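Student: Could we go through a structure together and check how each label is earned? I would like to see the cut-offs next to the values.

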Amino acid sequence: MTQQAQTIQGSIVAIVTPMLKDGGVDWKGLEKLVEWHIEQGTNSIVAVGTTGEASTLSMEEHTQVIKEIIRVANKCIPIIAGTGANSTREAIELTKAAKDLGADAALLVTPYYNKPTQEGLYQHYKAIAEAVELPLILYNVPGRTGVDLANDTAVRLAEIPNIVGIKDATGDVPRGKALIEALNGKMAVYSGDDDTAWELMLLGADGNISVTANVAPKAMSEVCALAIAKDEQEAKTINNKIANLHNILFCESNPIPVKWALHEMGLIDTGIRLPLTPLAEQYREPLRNALKDAGII
């Protein structure tokens, strides 16, 4: 495993971008959230990923949110900037900006909608890696993008020195195990599926890029540390306490449920941008109950 990959392990929150009722970015709310995560033991933060509503932020807002998270974290924990795009040129531009702002790494989702081939995916990531000297983490989430980065392609990309990790959000544990084995330490593997993350870490994954960590940062940090240390029983015990959250936080498209939960916890305002809408009424009580069962509210 590369030196850069070793520095980012454990519970990595895919942080929401707090917004005011009118949809404007809530900068004070963002500062409060980052400080809270550091206090609660979150090991690293992904700024402006899927959960951070990257798709509805302007380029200026995108870079400003990254800048603010880096400022508030003040080098206490690593900050990973979400800089993926379905245009290679745009991804390079965003990744360059993240480097200039002081991000520790960049998370790059597979190009979505335009459905590149495996060779196209390889060339996309290779071009970004050659254009920007920053540790890069690949991000495979076929359920959202309509594109699946094959394990073989990930292994090819691991030969590029500054491609240091991959977020596997397939939720397919046997596939994740096969990827870990095929990479043989050439780059870090992070789960991107809260429900199965502890299992993948027991098999050798380096951490979890998590939605649940937004509302249960301390518990997620503990689960990750125990699973990485191969303490299966204790990791399972703590994970069971928050297992309902892993599922109900996806009752509607992420980040609709997690933003509603954070508002219910008194941590953020209600803002969310169209085409996403506030959580439907029928899911509110079940989510509230899951938060209560987990001892969060």
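Tutor: Gladly; here are questions about strands, helices, loops and one arginine. This is a predicted model, in which local features need pLDDT of at least 70 and side-chain atom pairs count only at pLDDT 80 or more, while totals for chains, interfaces and linings use all residues. Residues are numbered from 1 along each chain as its sequence is written, and side-chain values use heavy atoms, with hydrogens and water left out.

Student: How do you know that strand 6 and strand 7 pair?

Tutor: Helices (H or I, at least four residues) and strands (E, at least two) are DSSP runs, numbered from the N terminus. Two strands pair if DSSP finds at least two bridges between them. Strand 6 (residues 163-168) and strand 7 are joined by 4 bridges and run parallel, so they pass that test. One partnership is D168 with S191 of strand 7.

Student: What makes the crossover from strand 6 to strand 7 right-handed?

Tutor: The term applies if, with the strands pointing away from the viewer, the path from the first strand over the helix to the second runs clockwise. Here the chain leaves strand 6, passes through helix 8 (residues 173-183) and arrives at strand 7, and this β-α-β crossover is right-handed. Strand 7, helix 9 (residues 197-202) and strand 8 form a right-handed β-α-β unit too.

Student: How many bridges link strand 7 to strand 8?

Tutor: There are 2 bridges, in the parallel sense, between strand 7 and strand 8 (residues 207-210). In strand 8, N208 stands opposite S191.

Student: Which way do the residues of strand 7 point, and are they buried or exposed?

Tutor: A188 and Y190 point one way from strand 7 (residues 188-191), V189 and S191 the other way, and all are buried. Buried means under 20% relative accessible area, exposed over 50%, and partly exposed in between, with a 1.4 Å probe and protein chains only.

Student: Why is N74 called exposed?

Tutor: Its relative accessible area is 57%, and the cut-off is over 50%, so N74 counts as exposed. N74 lies in the loop between helix 3 (59-73) and strand 3 (79-82). Its phi is near 50°, a positive value in a residue other than glycine.

Student: What makes K115 exposed?

Tutor: K115 has 58% relative accessibility, so it passes the cut-off as well. K115 sits in the loop between strand 4 (105-109) and helix 5 (118-131), and has a positive phi of about 50° although it is not a glycine. Most residues other than glycine have a negative phi, and most peptide bonds are trans.

Student: Where is P255, and what is the peptide bond before it?

Tutor: P255 is in the loop between helix 11 and helix 12. The bond from N254 to P255 is cis, with omega near 10°. The bond from L274 to P275 is cis too, with omega near 15°, and P275 is in the loop between helix 12 and helix 13.

Student: What makes the pair R288 and E285 a polar contact?

Tutor: A polar contact is a pair of N or O atoms within 3.5 Å; within protein, one must be able to donate a hydrogen and the other to accept it, and residues adjacent in sequence count only if both atoms are side-chain atoms. The side chains of R288 and E285 make such a contact at 2.5 Å, and R288 is found in helix 13.
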